[in-house]
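Reader: I have a model open on my screen and would like to go through it with you. Could you walk me through the parts I point at?

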Amino acid sequence: MNTFIIAGLLIVLLGLAYQMGWSKSRALATPNGLRVHSRGQYHGTLVALWTLIPAVLVLAVWAFFSPGVTHWYIVSQIPTDVLTSLDQVGLNQQMQRIRDLASGFGVTGELRPFEQAAGENLARFQLLSFLIMVAAAAGLGILGLLFARRRINARLRARNEVERFISWALIACSAVAILTTLGIVASLVTEAFRFFTYVNPLDFFFGTVWAPRFSSTGAGDAGQYGLLPLLAGTLMISAIAMLVAVPVGLMAAIYLNQYAHANVRRVVKPIIEVLAGIPTIVYGFFALVTVGPFLRDFGTAVGLNISATSALTAGLVMGVMIIPFISSLSDDILNQVPRTLRDGAYGLGATQSETIRNVLLPAALPGIVGAFLLAVSRAIGETMIVVLAAGNAPILRGNPLEPVSTITVSIVNQLTGDTDFTGPQSLVAFALGLTLFIMTLCLNIVALYIVRRFREQYE
Amino acid sequence: MTDTSLDSAAIRRQRVRAGLSRRHLGERLFRFFGILAICLALGFVALLFTDVLRKGIPAFTQSNIRLEVAFDPELLKVDPAPEHAPGQSDADFRAARLGWERQVAMLNWNNVVEAALRNAAPAGFEIDSRQLLTITESDARHRVRELFVANPALLGQTAQVDLLASANTDNWVKGNINRDLGDSQQQLSAPARALIDIFEENGTITQGFAWSLFTNVDSRSAPASAGLLGALMGTFWMMLIVIILAVPLGVGSAIYLEEFAPKSRLTDLIEVNINNLAAVPSIVFGLLGAAVFINWFRLPLSAPLAGGLVLTLMTLPTIIIATRAALKGVSPALRQAALGMGASKTQMVFHHVLPVTFPSILTATIIGVAQAMGETAPLLLIGMNAFVASVPGTPIEQATALPVQIYLWQGNENRNFFEPRTSAAIMVLLAFMITLNAIAIFLRSRLEKRA
Amino acid sequence: MDMLAGKVKMTDQTLSANLDPADMIDHPIRLTARDVTVHYGAKQALHGISIDIPDRAVTAFIGPSGCGKSTFLRCINRMNDTIEGARVGGRIELDGQDIYAPDLDVVELRARVGMVFQKPNPFPKSIYDNVAYGPRIHGLARNKADLDEIVISSLRKAGLFEEVKDRLNEPGTGLSGGQQQRLCIARAIAVGPEVILMDEPCSALDPIATAIIEELIDELRTNYTIVIVTHSMQQAARVSQKTAFFHLGNLIEQGDTEDIFTNPVNKQTQDYIMGRIG
């Protein structure tokens, strides 16, 4: 209810401010034919901004402090002897009773004298503080309005001031992206650093055993946090994914780009790109309930022991997920190779496939390598498919038919449901996250650099 | 002629000809591999969709049991519901009402359900109460009780009530359970199975569209009543936050970087930074959310607010990059024309350039939102995988999201029942994403035609 | 008028310098085209072109840009096949054989009819590999020594060998524009074609490089049938023995270069040569 009152007041005030700025500007312009620097709507906007900003500042301050102040006020209304007799739960109940009295909802049970008084006082206090806040916001807003309105004259560069405000707002928007990166780096580094106060970084980066103990099973032993089994699993699954995605994605791109009729391309390309839009949880489910059992049965049929959840299952499905990524990037890159190169090869009597293999692909190679690196970085950071289908067995082994675990799976396992960040059990997630972030960052930077250089080469 | 025998055209042509069949074979092979790759990719799409559809479609129908429930005063010994007396405070009335409801809840409503079931069964059918009650879902007694609480006048009357059949009953009716298995391997006892078959024949059990999938919240004790409403609302709140925050921030920073920022090392750095941010694994954003939003800012755990903020940060680079590309594509002629008319740079951007790029920005936004909608991993790290059996009314209440609900359901032990249900949830998610993408494509073509 | 007079005078000079009566008399016809039409989608680019192209001589196609001369050139080795939506009608014969016959192998055809393009387009490979590429795919060399010899002799014929002999393993893209174009000519020669098609080979080059290439073309005509598309009348006059004038997709006039330039029959040809169109 209060929110609507405030919003309504604010809108009325803003409309008023705009109107006043605008009409004063009109008044300047019409009678004596003065050359006014800015147009009326800029004067209006400027006055509105001068009104809005102080009012919003007041509201923000109030929103920030009012819960604390109210809390303090209610506590001050409870007699000291009652207060000392209450524990935390009792205090909360007591405060809720006073609030209910103040709001007129009422309470059950016997009404103690101080409660009645406290309720009435609180109601008065809330009304008063609300009125003061509204008055302060409106008053400051109106002050801003009057100030800005006084400043309006023919020479005021209102448009420039409004534009300066807009450009500062835009800069603030761009700052968010930077802050995000800083936030990622800061949170990963500080929490990982805390983890390394429990576990030696050498043991983490070169340890071959991953066996974290959960805090509930005993405080003394923190378990072992060796990265290598997870890293091996991550790399194995990524390698399998690339083995699936690269040939299929690249050949599909080549066929669509070089051979397929325009109509075929128009139909097939979006269908393949559908694969890129499917959420990874869907792939994970598909891997778990369809691909895994199929591979297991297939293994049994040919006498191989394939686990239903294994590096192979996860890798295969992840490869499917990456196909459209590779094919659309490769398609873009093939489009950038100049047509004259192809013509040169055709003119010599090369067949189409010879042209593609000997001329087009070598020319496009840097760009395609960049695309592959981006795809690898994707595979390494992919989470849901491996959480569901890789088998969660953090053991250092080389057989892709057995369950493995990955960095991302362990992050999920270690951090899910636990946000105290008190022990190495949960802090290790940040060390893993940092490792993952650095790996993908390096891949991305190299890849983006290569792709950029490639584009410049043919521009 | 200074050359060797090669200059003889005849020999040359002979050599070219000798290699032709091999080269054409190579050409055909290469082409074949291309077609094979296309077929594989299309095959994967087809396989994925048919698999999800095949598993998910049955879950959209569910077995209902229509019973004549008698609210027998013999079974339901309860005071009359309290009335709001004049002069009574709201708090006192609520206390009285709660007391009455507690009293109602203490009654054994299973007896009522059991009586109704027995009434529907053929006379003299031998089955014990425990077995009988496995036919309806375990929330049946709550449903009947809620009816009574809503309308206390039902006491002593009989009402027709549609109840959900239990997950096991549903599986049995749909033939998901092998009927030849022995008693020890069956979830349902032999009399219960027989009675279900009778019910199915006499029309007590019917198949209907599973509205409960959309109108119920998640449930563990009553699997057949588990629905997506809570997850849908959670996703709705998060998408609302993403749209409110990511679109203005993304478009704003794209405008700044593309139109206003001086070309400096700093701008280059920001550009590299945004490109990299777009490729940072989503789970890293989850870690950021856990450390910054939950641990430092103390935002509520499992709430759409934190989830929405994480997804906003994740979507931001997508929107920035797409908007910048759109801005880059605006012809310099338009800019020069605007500037030549005496428009300031801000006016040029907001009056002339931005309207032209509106379709692309809209498309990018929708695609970004669709991507955020399907994201699971970062939400797991900020506690959105908690079991929540309520509909979040505000973005700071506990909630889950559609993809996370899929994750939770696929892990349910009752595989036989939850695999179709998970597939159905996936169908709902995919339907949303396809709709969003279709809207994006449609709007784009509409707006571009108009422009 | 002065400028025009200069032009005509210059053509006269170059013509007389180039004129070798022995060349002009009995060159057998190598290529014949009858009623060739080309459509790009719904648009017709060529309207019934018929022409005879003589052996071991340079035939120049001239005309204003967009007149269809390059399109016709690309019909001769079926490069139009690589453009989606292009349809070629009529009949083109090389040594009496229909090059659009269904059983004709376009790979074999292009080995016999080489092509040099408007913009130098060396492959992103070494100079050696650029030249060796054609012989390699066609299996022309029996061994490494054979291949070396083909590469060296082709570079020699293209007048490039002396300039690049120390850096055969460096990328071809590092050469200057004129050198790149001569590399492309060497690449075409290395396959040992009988006909070489040149699509405005000098349009991207400076005057000095152009002069070198023109000299080279003049030398090559003793061994090859050369068809050159050019928008420069001076170039046509300098290097060709036969000239065909195209306008708006039609072949307006053809004949000995001397006749076309000194004594054009058709009004449009006159206008073009006088500089009134184009």
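Author: We can take the contact between two chains, then two sheets, then the salt bridges, keeping in mind that this is a predicted model.

Reader: Let's start with chain A and chain C: how many residues does each give to the contact?
Author: Chain A contributes 21 residues and chain C contributes 25 residues. The area buried between these two chains is about 1,700 Å², and carbon and sulfur atoms give 61% of that.

Reader: Which three residues supply the most of the area that chain A buries there?
Author: They are A:Y346, A:G347 and A:L348, which together supply 32% of the area that chain A buries against chain C, more than any other three residues.

Reader: And how many salt bridges go across that interface?
Author: The rule finds 1 salt bridge between chain A and chain C, formed by A:D343 with C:R74, where the closest N and O atoms are 3.6 Å apart. As for polar contacts, the count between chain A and chain C is 7 residue pairs, with both residues at pLDDT 80 or more.

Reader: Which helices of chain A are involved on its side?
Author: In chain A, α9 (262-277), α12 (339-347) and α13 (352-381) each supply at least two residues of the side that touches chain C. The most comes from α12(A), with 8 residues. Sorted by class, that side of chain A has 9 nonpolar, 8 polar and 4 charged residues.

Reader: Staying with chain C, what is the strand order in its sheet of 6 strands?
Author: The order is β6-β7-β8-β3-β9-β10 in an open sheet with mixed pairing. Strands β6 (113-116) and β10 (250-256) of chain C are at the edges and have a single partner strand each, so one side of each is left without a neighbour in the sheet. From one strand to the next, the twist averages 15 degrees.

Reader: How do β7 and β8 of chain C run, parallel or antiparallel?
Author: Strand β7 (residues 195-199) and strand β8 (residues 225-229) of chain C run parallel and are joined by 5 bridges; in one of the pairs, C:I196 has C:I226 in β8(C) as its bridge partner. Helix α3 (residues 69-76) of chain C packs on this sheet, touching β3 (58-62), β6, β7, β8 and β9 (242-247) of chain C, and its direction makes about 155 degrees with that of β7(C).

Reader: Now over to chain B, where I see a sheet of 3 strands: which order do they take?
Author: That open sheet of chain B has the order β2-β1-β3, with antiparallel pairing. Because β2 (158-164) and β3 (205-209) of chain B stand at the edges with a single partner strand each, one side of each is left without a neighbour in the sheet. Direction ignored, neighbouring strands here are turned by 40 degrees against each other on average.

Reader: What joins β1 to β2 there, and what packs on the sheet?
Author: In chain B, 7 bridges join strand β1 (residues 61-70) to β2(B), and B:I65 has B:L163 in β2(B) as its bridge partner. Helix α5 (residues 140-150) of chain B packs on the sheet, touching β1 and β2 of chain B, and its direction makes about 145 degrees with that of β2(B). Helix α6 (residues 167-174) of chain B lies across β1 and β3 of chain B, at about 120 degrees to β1(B).

Reader: Last topic: how many salt bridges are there over all chains?
Author: The count comes to 42 over all chains. Among them is the pair of A:E161 with A:R151, whose closest N and O atoms are 2.6 Å apart. A:E161 lies in helix α6 (residues 158-198) of chain A and A:R151 in helix α5 (residues 113-151) of chain A, so the pair ties together parts that are 10 residues apart in sequence.

Methods:
Residues numbered from 1 in each chain as written. Chains lettered and ligands numbered in written order. Predicted model: local features only at pLDDT ≥ 70, side-chain atom pairs only at ≥ 80, totals over all residues. Heavy atoms only, no water. Pairing = 2+ DSSP bridges. Helix = DSSP H or I, 4+ residues; strand = E, 2+ residues; numbered from the N terminus. Axes fitted to C-alpha atoms, helices over the stretch in contact; angles between N-to-C directions. Contact = heavy atoms within 4.5 Å. Buried area = accessible area lost by both parts, 1.4 Å probe. Salt bridge = Lys/Arg side-chain N within 4 Å of Asp/Glu carboxyl O. Polar contact = N/O pair within 3.5 Å; in protein donor to acceptor, adjacent residues only side chain to side chain. Nonpolar A, V, L, I, M, F, W, Y, C, P; charged D, E, K, R; others polar.
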